[in-house]
Amino acid sequence: MPPWSAVSDDDLSDDRPGALIVDDDPGSEARYRWRRRNATEMAISGVLGLFTSFVLSIEAWRIAADPDLELGCDINAVISCGTVARTWQANLLGFPNAFLGIAFEVVVITISIAAIGRVRFPRWFMLGTQALYTIALFFAYWLFLQAYFDIGVLCPWCLLITITTTLVFAGLTRWNIRDGNLNVGRWARELVASGTDWYFTIAWLVLFAAMVLFKYGPSLLA
């Protein structure tokens with residue numbers, strides 16, 4: 001069982017050998033302790049994402065004032081925040097994408113801190129948040145794929161945003177599955193309760209890193 005497993009002494013086993021029963025009461029003390037751990041992980045990822053979004057926003061303003069400005073993360077032909085920031089993809093809606101990141105991360109941090117403080121949100125609110133953050137996840141990976149295949153240049157801050165967005169999405173999905181907001185079956189709730197879903201998240205991030213290393217390899221430091 002993973003060290004981050006959410007299974008507590010309040011989880012019981014049923015009459016099936018080796019079966020896991022997850023606490024079916026979202027308002028129980030065991031569920032609160034689990035939700036607090038999950039919300040703390042989301043809050044940390046959200047703070048990292050918010051800081052990164054602020055950095056990208058400031059860089060966007062600086063480039064707008066001086067189009068020829070060289071940024072501190074313009075390291076080489078492969079790692080260049082400035083090159084990515086000057087593309088149309090970085091301003092898809094007519095303004096820097098980082099502004100959207102600030103809005104999303106503030107919402108995530110607020111929800112996470114409220115959950116730590118024992119606030120429970122209605123199902124419609126959690127499902128709405130899930131839908132919005134699913135859009136954010138697709139947007140983050142669309143930008144990554146644009147940089148990876150089309151632009152051919154990577155932005156370190158953008159890569160960090162993609163990672164934090166993935167972690168927040170995983171935490172939010174975990175939360176909604178465990179609390180029954182997403183009706184995806186008992187097997188999924190048991191998977192989340194045991195902490196096994198973390199293996200899938202880690203495997204995804206390893207694949208993400210492998211894609212970057214496979215394409216760019218030594219040129220990242222050239």
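## A buried arginine in H1

At 4% relative accessibility, Arg35 counts as buried. This is a predicted model. The partner of Arg35 is Asp179, and the two form a salt bridge with the closest N and O atoms 3.0 Å apart. Asp179 sits in the loop between H5 and helix H6 (186-194), while Arg35 belongs to helix H1, so the bridge ties together parts that are 144 residues apart in sequence. Asp179 is buried too, with a relative accessible area of 16%.

Arg31 also enters the picture. Salt bridges that share partners join Arg31, Arg35 and Asp179 into one network. Across the whole structure, a search finds six salt bridges.

## Arg174 and its two partners

Which acidic side chain of helix H1 pairs with Arg174 of helix H5? Glu41 does, and the salt bridge spans 3.7 Å from N to O. Arg174 lies in helix H5 and Glu41 in helix H1, so this pair links parts that are 133 residues apart in sequence. Arg174 is buried, with a relative accessible area of 4%. Glu41 is partly exposed, with a relative accessible area of 30%.

Arg174 also meets Asp197 in a salt bridge, at 2.6 Å from N to O. Asp197 lies in helix H7 and Arg174 in helix H5, so here the parts tied together are 23 residues apart in sequence. Asp197 counts as buried, at 11% relative accessibility.

## Asp74: buried, without a salt bridge

Side chains of opposite charge can pair when their charged atoms come close. What happens at Asp74, which is buried? Asp74 has no salt bridge. The nearest side chain of opposite charge is Arg86, 4.9 Å away. The cut-off for a salt bridge is 4 Å between nitrogen and oxygen, so a pair must come within that distance to count.

Asp74 is found in the loop between helix H1 (29-65) and helix H2 (81-85). Its side chain has backbone partners instead. A polar atom of the Asp74 side chain lies 2.7 Å from the backbone nitrogen of Leu71. The side chain of Asp74 also reaches the backbone nitrogen of Gly82, at 2.8 Å. Leaving aside neighbours within four places in sequence, Asp74 is in contact with Leu69, Ile79, Ser80, Cys81, Gly82 and Thr83.

## The nonpolar core

Where is the largest nonpolar core built from? This core has 12 residues, among them Val78, Ile79, Leu154, Leu159 and Phe208. Helix H4 (123-151) and helix H7 (197-216) each supply at least two residues. H4 gives the most, with five residues. Ile79 has a second role here: besides its place in the core, Ile79 is in contact with Asp74.

## Helix H4

H4 carries a run of buried residues, including Met126, Thr129, Gln130, Tyr133, Ala136 and Ala140. Leu137, Tyr141, Phe144, Ala147 and Tyr148 of H4 are buried as well, and these residues belong to the largest nonpolar core. Gln146 is another buried residue of H4. What covers the buried residues of H4 includes helix H3 (98-116), H5 and H7.

The length of H4 fits expectation. At 1.5 Å a residue, its 29 residues should span 42 Å, and the end C-alpha atoms are 40 Å apart, which agrees. After H4 comes Gly152, with a positive phi near 80°.

## Helix H5

How far does H5 reach from its first C-alpha to its last? The helix covers residues 156-178, has 23 residues and reaches 33 Å, close to the 33 Å expected at 1.5 Å a residue. H5 is followed by Gly180, whose phi is positive, near 80°. H5 also holds Arg174 and helps cover the buried residues of H4.

## The chain as a whole

The protein chain has seven helices and zero strands. Its elements run α-α-α-α-α-α-α from the N terminus on. Of the 222 residues, 48% count as buried.

Contacts across the sequence are plentiful by share. Among contacts between residues at least 6 apart in sequence, 74% join residues at least 24 apart. The bridge from Asp179 to Arg35 is one link between distant parts of the sequence, 144 residues apart.

Terms used:
Residues numbered from 1 in each chain as written. Predicted model: local features only at pLDDT ≥ 70, side-chain atom pairs only at ≥ 80, totals over all residues. Heavy atoms only, no water. Core = buried A, V, L, I, M, F, W, Y, C linked by side-chain atoms within 4.5 Å. Buried < 20%, exposed > 50% of the residue type's maximum accessible area, 1.4 Å probe, protein only. Helix = DSSP H or I, 4+ residues; strand = E, 2+ residues; numbered from the N terminus. Lys, Arg positive; Asp, Glu negative; His and termini not counted. Polar contact = N/O pair within 3.5 Å; in protein donor to acceptor, adjacent residues only side chain to side chain. Contact = heavy atoms within 4.5 Å. Expected span 1.5 Å × (residues − 1).
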